[in-house]
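Morning, everyone. I'd like to walk you through one chain today, so have a look at the screen and I'll point things out as we go.

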Amino acid sequence: MDVSALRECTLSALDANADIRRQAELQLKQAESSPGFIGALLDIVASDPELQVRLSAVLYLKNKVVRSWEFNEDFPKNPQIPEREKAGFRDRLVPTLASSAPQVRQQLMPLIGKVLHYDFPEKWPSYMDITLQLLGSNDIGSVFAGVQCLLSLCRVYRFKQANDKREELDRVTQATFPTLLSLGNRLVEETSTDAGDMLKMIIKTYKHVVYFELAAHLREESSIVAWATLFLKVVGKQAPPESMPDDLEDREIHPWWKAKKWAYSNLNRLFVRYGNPTSLAAANSGDYEKFSKHFIHHFAPEILKVYLQQVELWVSKQAWLSKICLSSTIAFLDECIKPSATWKHLNPHIGNLISHVLFPLLCQSDGDLELFESDPAEYLTRKINFYEEISAPDAAATNFLITLSKCRRKQTFTVINFINDVVNRYEAAPGNEKNYREKEGALRMIGTLSAIILGKGSPIADQVEYFFVRHVFPEFRSQHGFLRARACHVLEKFSDLDFKDENNVVLVYQNILQCLADSELPVRVEAALALQPLIRHDFIRKSMQQNIADIMQQLLKLANEVDVDALSNVMEEFVEVFASELTPFAVQLTEQLRDTYLRIVQDVIDKGANSLDDDADNYLDDKSITALGVLQTIGTLILTLESSPNVLLRLEQILVPVITITLEHKLFGEHPFEILSDLYNEVFEIIDSCTFAAKAISNTMWVVFELIHKSFKDRGEIYIEGKKYLVAEHILELTLAEMLPALDNYVSYGADTLKENPALLEAVFDIIQTIFTNERLGAMDRICGCKLAEAVLLNLRGRADQYLPRFVEIAMTCLNAPGDIKSYRIHLMEMIINCIYYNPSVTLQILEQHGWTNKFFSLWFSNIENFNRVHDKKLSIVAIVALIQLPAEQIPQSIQPGWPKLMQGIVQLFQTLPIAMKNREEIQKEGLTIDDTYDTESDTEWEGEAVWSADADEGDEADVPDESSAYMDFLNSEAQARGGSGLATAWADDDDDLEEETLLETPLDHIEPYMLFRSALMDLQNTQPHLYEGLTKSLSDDDRNVIKGVIMEAEARSRASEATAAALGVKNGNN
């Protein structure tokens, strides 16, 4: 490989001229398959004098190795790196890492991680020796590289749970951790940025090693004391001056604050996963029981003490804490509430924590108020979705208050008394001295506790209405918008409150309507969100019926002002609840929803095409979620209009641009946006709803079908169930199963059009064929192809002859291939059974031509007990009936000896058909039921007055069971009850049997199998007695009795049918 030429390409790939860049990228792509390509790139990375060239080369090298070191199903067309080049390349990686600049190292680490994933230790046994040499070096750069090498290795092993892999990791950590610990203790005493960076990596290495399992040698007291002491030193270390730049965002990401972040994380992980006996799952309690008891009594109190010291310094403004450090501190304190061993140490500090830590975090900051004024949309995103930000201290404070109130119920009064002090102080203060931020924080705090305050048996629930009248209602008219917004939010949180005074319900509604028209955007949004749960009140719901159209207009206007997905949920529920009132406005409403969706999607397209940063990812995710909510509202609206076919036709025309932009336009930008798969799914649900509700396919929807086919062919890879695949350099996840109902409707309700339009029918077949020929698609996806083929064969009888050979060939080819997914194989067999029912003579000829006849019939009848649904049994029955009616000359000689087995098969089917029908009826009656054996509501229930007795203090000090571990134990016990040893075993066989599809509708539903069989048997006896004799002579007495029973049942059903027809005739005559 010509390194100089490759360097020129790499350099040109950085050129400002887009044409030069494209040409260089094309040349690099072509060079990938040349021998020595990765080695030449590594030469550039290791020795080129220009940093930008080295960076460009290492980025290309990283992508090449990540995609092509071994076969990668996401990049199947990328040529795999030859084995002959790998050994020399591996040997050069670590030396190159050790001599590289930090920016280059950052890109080399994931590259090394990918190679380690596949090759360590078998193909790269020298890696550990090199790492140990680097760690023991006197050169700081080499030591740094050694730490990076160890971090990469431990990161790879983080998710490898197999015992042999854990043993390999244990050998690694036993060899390296003493050196790593000694190095960490030296680094913590330094102040340079490089020292902080290396210390950060040491602490992250420990994190990866202990994340899922704490090895026995790391549980030894000498080890745990040494490492915990190091972490506590890092937590308590005064931040070096270099780590305190004026810009707070730069400060948050400084290596020393990252080191502190991971030190907090490790201490929290040790306690939560291994050191707290109350949170150990039963499955792990044996391994960690002794360790956890020792940890909670000897280590947890020390960690708590250091954390509280840091909090005290933060409160007194003697120290600054990053958001994630503050959140981690509160999260640890949260975990200390339930165990009595830590609660007794935390309890004395609760009052101060509430007033000086939690409450200030829940109040509006200067930045919040500035955002409220300058960017209200961003303010809403931050306040409504604050749980999504993992480092948000206010989210941690909220969680702490909820845990405290649920688990130490008496402390609820401590919090409420504090809230009352704040609101009473606010109420008593003169206007110019009122602290509006404190009042807003107090309302936020009480909203946090709403579920507990209104819980079953609550002694304070009856006081809430007075609190609202006195302290919440006045703020609807506050001069401060953030307080008006908070009043709406608190009302939403307490939507389950039953007001005793009906006048207060009237006031609530009037205030919310007023806030819906507020001048401030956050107030209007919070009012809309509060209105949704309030429709439980009869007065509010009936009042809304009078002006729901105006309210929906306000909501639509809001949806165009700010992208908050919760607004779509409000609109969706209102569309469902007020369906009859909104029907006259359905067309106008759909037009506005369409315009809103198109605006959002266009925004996604524009932003995605022009941005490459993480903020763009977050922005587009938020936008896409909002767009999804709009689609769901449209879908709900369509479902309410099933009895209005003319309106539905108009809606179909309106929605064509929505469907078109989603299926046709490249929404993907430059990033993988998984949420967009949901947009596709929802669009197909809309198509399904339109066609199903109309029970017909309009011209408009046939245009949509052509678009579906084109989109499917252009981007077939995206229609894949449960996996992510590269599509036009973008990754998208989409469920083929979501597409199937819409396609089934096209075949079922558009059969007449398909019969007259060969091009459309060919498109349907093309989709089926693509599903089976696309190598990316798996068995579960191809089941959808089987179902679509069945729809064609059942609905287009006599008009799909040309496709019969291909259906048989597709199914038999797949059946002959290796595979053990039972449901898939049954669907493949049913694909051929459908062909037999469609045309038994031709299907037998096709099977015979390929030598498949005996094999298929053996498969069919050996698996007949697995055809457990009503649909499966009826399909086999009608196919067997079609076969026994064939003239003798059309029966292939190869299966004539086994022909009598047809009767034995149909006997077995009729024997089990009543059971299957009864099972389906029970499923239809039961619907979706949830087993409530595990009680999820008890944490908001109060235990009555006994909790305030003289013995209450003793109870308040006891351990509180950890609901998360209890829930996992519950799931495991349920799994074992199903006959497995745990969740993995119990759920592994979910696919074994086909489940009844109660909503499935096919032409088979209109066939009465008993009468069909009786008629066919009698006809056979009369017209082909020799065949009849051959089929029945080998039947046992039991089999003959079953046949007699079927005939009697058929006669009974025939008489019942005649009686019903006669009754209807009399009735119609009287009319």
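One bit of vocabulary before we start: a residue is called buried under 20% relative accessible area, exposed over 50%, and partly exposed in between. Keep in mind, too, that this is a predicted model.

Let's use those cut-offs straight away on K317. Its relative accessibility is 75%, which is over 50%, so K317 counts as exposed. You'll find K317 in the loop between α16 and α17, that is, between 300-315 and 323-335. What is odd about the phi of K317? Well, that phi is positive, about 60°, although K317 is not a glycine.

There's another lysine to put beside it, K695. Here phi is about 55°, again positive and again not on a glycine. K695 belongs to the loop between α36 (675-694) and α37 (699-714). With a relative accessible area of 37%, K695 is partly exposed.

While we're on loops, scroll back to the one between α6 (102-119) and α7 (126-135), where P121 sits. The peptide bond leading from F120 into P121 is cis, with omega near 0°.

OK, zooming out to the whole chain. How many helices and strands are there? The count is 53 helices and 2 strands. The chain has 1071 residues, and 51% of them count as buried. If you take the contacts with a separation of 6 or more, 74% come from residues 24 or more positions apart. As for the outside, the accessible surface comes to about 48,100 Å², and carbon and sulfur atoms hold 49% of that.

Now for some helices. My pick for a buried one is α27, residues 481-493. From first C-alpha to last, its 13 residues reach 19 Å, close to the 18 Å expected at 1.5 Å a residue. Why call α27 largely enclosed by the rest of the structure? Because 11 of its 13 residues are buried. Among them are F482, L483, V490 and L491, but also R484, R486 and H489.

Next, a helix pair. In general, two packed helices are described by the angle between their axes and the distance between the axes. For α40 (residues 758-773) and α42 (residues 804-816), the axes come within 11 Å and cross at roughly 15°. Angles under 35 degrees count as roughly parallel, so that is the label for α40 and α42. The crossing is left-handed. And who meets whom? On the α40 side we have F765, I768, Q769 and F772, and they meet R806, F807, I810 and C814 of α42.

Two single residues to finish. S223 lies in helix α12, residues 221-236. Is S223 buried or exposed? Its relative accessible area is 13%, so S223 is buried. Skipping the neighbours within four places in sequence, S223 has contacts with H217 and L218.

The other is R1014, in helix α51, which covers residues 1009-1023. At a relative accessible area of 24%, R1014 is partly exposed. Again leaving out neighbours within four places in sequence, R1014 is in contact with I1047, A1050 and E1051. Have a look at E1049 as well: R1014 and E1049 are 35 residues apart in sequence, with their C-alpha atoms 9.4 Å apart in space.

That's my tour. Shout if you'd like any of those views back on screen.

Methods:
Residues numbered from 1 in each chain as written. Predicted model: local features only at pLDDT ≥ 70, side-chain atom pairs only at ≥ 80, totals over all residues. Heavy atoms only, no water. Helix = DSSP H or I, 4+ residues; strand = E, 2+ residues; numbered from the N terminus. Expected span 1.5 Å × (residues − 1). Buried < 20%, exposed > 50% of the residue type's maximum accessible area, 1.4 Å probe, protein only. Contact = heavy atoms within 4.5 Å. Areas by Shrake-Rupley, 256 points an atom, 1.4 Å probe, with all protein chains shown as cover. Axes fitted to C-alpha atoms, helices over the stretch in contact; angles between N-to-C directions. Parallel < 35°, antiparallel > 145°, perpendicular 65-115°, else oblique. Left-handed = near helix turned anticlockwise from the far one by under 90°.
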